[in-house]
Amino acid sequence: TRPGVAPLVQLNDGKQIPSLGFGTWLGFSKEGGLEPVVDDKVQRAVEAAIDAGYRHIDTAAIYDTEEQVGKAIQNKIAEGVVAREDLFITSKLWNDRHAQKDVVPALKESLAKLNLTYLDLYLIHWPIAQYANGTYYDTDYVETWKGMIDAQVLGLARSIGVSNFNITQLDRLLTMTPVKPAVLQVEVNINLQQAELIKFCKEHDIAVVGYTPFGSLFHNRAAPDAPPPRTDNQTLLKIADKYHKTIAQVNLRYLVELGVIPIPKSVTPKRINENIEVFDFQLTQNEKDLMKAFDKNYRTIPVTMWIDSPYYPFNKK
Ligand code: NDP
């Protein structure tokens with residue numbers, strides 16, 4: 001593979017998705033809630049990512065980064081670096097727009113912010129319907145999915161999928177509606193390897209996009225109780241040295257070999273360049289076995305605040 005190019009993966013609807021993407025969520029703030037988007041660092045990061053060769057960009061209505069992603073795309077198209085059809089742009093429907101009739105208007109708002117006429121992929125961000133004030137409402141995600149199908153029929157989203165759904169929830173979509181999700185986006189990293197979910201998705205030809213691909217690898221992100229490894233882990237350092245790669249790259253490569261499409265986020269140009277250079281080496285079975293041992297079914301992003309919703313997708317441990 002040429003440097004800085006992620007091979008394409010076939011989706012079940014005939015479209016293709018680049019096998020690595022770029023995350024644009026700024027994360028939680030130290031005070032709680034989402035980190036506010038105050039300057040143009042996301043725009044600059046997306047521009048650096050497109051220059052580095054990323055063609056798949058992940059955003060969401062709730063991240064408040066759609067406008068900056070849109071500006072970066074316009075700039076790179078104007079500079080002649082990419083054409084719109086070379087890019088794969090994903091956004092996500094927030095929980096307060098789950099009524100079937102609200103999906104297309106919400107998508108149109110995202111398109112206006114992104115300054116685009118269509119998305120490559122639109123996802124239901126969570127299976128949970130909530131009013132803007134945070135209280136739940138009763139809309140079943142199957143109804144929401146019908147709104148997603150409407151959006152696809154209108155050509156506003158070329159592919160549609162879901163995020164943070166469990167197997168039971170995916171199965172309900174498969175049995176109750178005529179259109180299969182093309183993609184499931186969930187947390188996947190060395191501490192949360194999601195073997196069962198990935199197996200289910202493989203059987204049903206649903207592509208798995210892995211968010212928070214670094215999990216708790218970096219000390220500043222890891223909670224005090226997070227299981228190893230961190231970046232000083234000797235097993236990972238040895239593998240990284242062998243391939244002249246960084247531990248970050250070895251982790252992304254491992255996810256690619258699990259059949260997952262990772263979407264690492266960085267606002268640091270050096271790391272942005274580093275994170276896409278994972279298609280010129282391959283891990284041995286022994287190395288993959290060593291990395292498998294770090295799978296602890298541990299979530300870096302637990303999202304426990306919705307644990308009392310009937311649609312909460314994760315184990316209520
Ligand atoms: P990531 O696992 O991508 O980690 C991001 C952090 O790692 C940042 O602090 C970044 O620092 C740092 N980092 C990135 N690359 C390197 C490197 N090579 N060396 C050292 N540090 C590095 O976490 P995210 O939670 O951001 O997940 C990725 C994306 O997934 C999100 O941005 C979002 O698009 C999506 N997502 C989707 C969710 C969903 O519910 N569907 C939930 C969570 C995320 P810095 O930026 O300072 O360089």
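I began with strand β7, residues 157–163, and noted that the strand is mostly covered, with six of its seven residues buried. I keep in mind throughout that this is a predicted model.

I then looked for the partner of β7 and found strand β6, residues 119–124, which runs parallel to β7 and is joined to it by five bridges. To fix the register I looked up one position, and there L119 stands opposite A157 of β7.

Next I turned to the helices α2 (residues 66–78) and α3 (residues 100–114), whose axes come within 7 Å of each other and cross at roughly 50 degrees. Angles under 35 degrees would count as roughly parallel and those from 65 to 115 as roughly perpendicular, so I entered α2 and α3 as oblique to each other. On the α2 side I listed E66, E67, V69 and G70 as making the contact, and on the α3 side S110, K113 and L114. Sorted by class, the residues of this contact of α2 with α3 come out as two nonpolar, two polar and three charged.

Last, I went to the ligand and asked which of the 26 residues around it come nearest. I wrote down G23, Y211, A248, K265 and T268 as those that do. I also checked which helix gives the most to the shell around the ligand, and the entry is helix α9, residues 269–275, which supplies three residues. For the make-up of the shell around the ligand I recorded 10 nonpolar, 11 polar and five charged residues.

Note on methods:
Residues are numbered from 1 along each chain as its sequence is written. This is a predicted model: local features need pLDDT of at least 70, side-chain atom pairs count only at pLDDT 80 or more; totals for chains, interfaces and linings use all residues. A residue is near a molecule or strand if its C-beta atom, placed from the backbone, lies within 6 Å of it. Helices (H or I, at least four residues) and strands (E, at least two) are DSSP runs, numbered from the N terminus. Ala, Val, Leu, Ile, Met, Phe, Trp, Tyr, Cys and Pro count as nonpolar, Asp, Glu, Lys and Arg as charged, and the others, Gly among them, as polar. Axes are lines fitted to C-alpha atoms, for helices over the stretch in contact, and angles run from 0 to 180 degrees between N-to-C directions. Angles under 35 degrees count as roughly parallel, over 145 as roughly antiparallel, 65 to 115 as roughly perpendicular and the rest as oblique. Two residues are in contact if their C-beta atoms, placed from the backbone, lie within 7 Å. A residue is buried if 20 or more other C-beta atoms lie within 10 Å of its own, exposed if 12 or fewer, and partly exposed in between; C-beta atoms are placed from the backbone. Two strands pair if DSSP finds at least two bridges between them.
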